[in-house]
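Colleague: I'm new to reading protein models. Could you walk me through charged side chains and helices here?

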Amino acid sequence: MTISEGLNFDDIDQVMPVSARDLDDSDMIVALMGATGTGKSTFVQTVAGDRFQTEEIGHQLRSATSDVQALRITFKCGDNRNLVLVDTPGFDDTHKTDFQILEAIVRWLNNARTKNSGRYGLLRKISGILFLHRITDIRVRGSVTKNLILFQKLCGEDFYSRVILTTTMWPDKDDPSYDCMDEIDCWAREEDLKKKFWKSMIDTGSKVQRFTGTSESAQEIINVIVSRNYKDQELPEMQIQKEIGRESKSLLDTRVGQYLSRLLKFGNHMPKHAPATKRMHGGNW
């Protein structure tokens, strides 16, 4: 099987932690972003299976991912590139400020450089990003809107075609408490997200996928990125990579840095132009 045919998680050989500095040209980098509790670490653990157990997984009061962590997944078939899943902390972390989270993400990206392009090397391009959102959230609150805006400014429109808007926490039909009406409510919320909050990103190339907690659904999501890798001749750059790499901007001078600075200036309230809190289908105020 070749990379053009997609990855088969049944062919996973090894799963091991990897630092940003140890990445190489055989690594396909996929980052996971989203608010705390949306299932980023669970997605990584689902892919890794019993080959690797992350100590951070669990329902704890603190954020499950306190810093950027990456796993390299190798495959038995020699034609496949390695898959590197990068688990990032949410901007609403319980122990760190949003700016500290941004610094951690940018530090990891800055350390992920090629080894043969000048003195310092070039920033390695990201193959794709999964932006995770709980489909069980009845309302899109201000913090969710803020996280989306931060994410958009981090990526930039040119990178939207590499973003998979991933809904999580779908009802489990095998759960004894399963209620089909809950799933219908979730479908309606997903449609709201597509038509309103995610519309501009979808119109610019982002895809919407469901992570249902299974290895099969995780594989399908990753293979959307694999397929785009195979079709595109060159990977786009994230906005933040353009700014800190080619333009040598300070973090505060980047789009996302300026937005965070404005939030801090106004006491972390949303700017007037941001969408107000909306009630999603399938729930009460």
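Modeller: Sure, and keep in mind that this is a predicted model. Let's start with a small group: D24, D27 and R72 are linked in a network of salt bridges.

Colleague: How many salt bridges does a search of the whole structure find?

Modeller: The general idea is that side chains of opposite charge can pair when their charged atoms come close. Here, the search turns up 13 salt bridges. One of them joins K242 and D158, with the closest N and O atoms 2.9 Å apart. That pair links distant parts of the chain: K242 sits in helix α7, D158 lies in the loop between α3 and β7, and the two are 84 residues apart.

Colleague: Are K242 and D158 buried or exposed?

Modeller: K242 is buried, at 15% relative accessibility, while D158 is exposed, at 53%.

Colleague: And which side chain of opposite charge is nearest to K40?

Modeller: That's D87, 5.3 Å away; K40 is buried yet has no salt bridge. A salt bridge needs the nitrogen within 4 Å of a carboxyl oxygen, so that cut-off is the one to check. K40 belongs to helix α1, and its contacts beyond sequence neighbours within four places include L32, D87 and L132.

Colleague: Now helices. Which residues of helix α8 are buried?

Modeller: An α-helix has 3.6 residues a turn, so residues three or four places apart point the same way. In α8, the buried ones are V256, G257, Y259, L260 and L263. They cover an arc of only 160° around the axis, so they lie on the same side of α8. These buried residues pack against α2, α3 and α7.

How values were computed. Residues numbered from 1 in each chain as written. Predicted model: local features only at pLDDT ≥ 70, side-chain atom pairs only at ≥ 80, totals over all residues. Heavy atoms only, no water. Helix = DSSP H or I, 4+ residues; strand = E, 2+ residues; numbered from the N terminus. Buried < 20%, exposed > 50% of the residue type's maximum accessible area, 1.4 Å probe, protein only. Lys, Arg positive; Asp, Glu negative; His and termini not counted. Contact = heavy atoms within 4.5 Å. Arc of directions from axis to C-beta.
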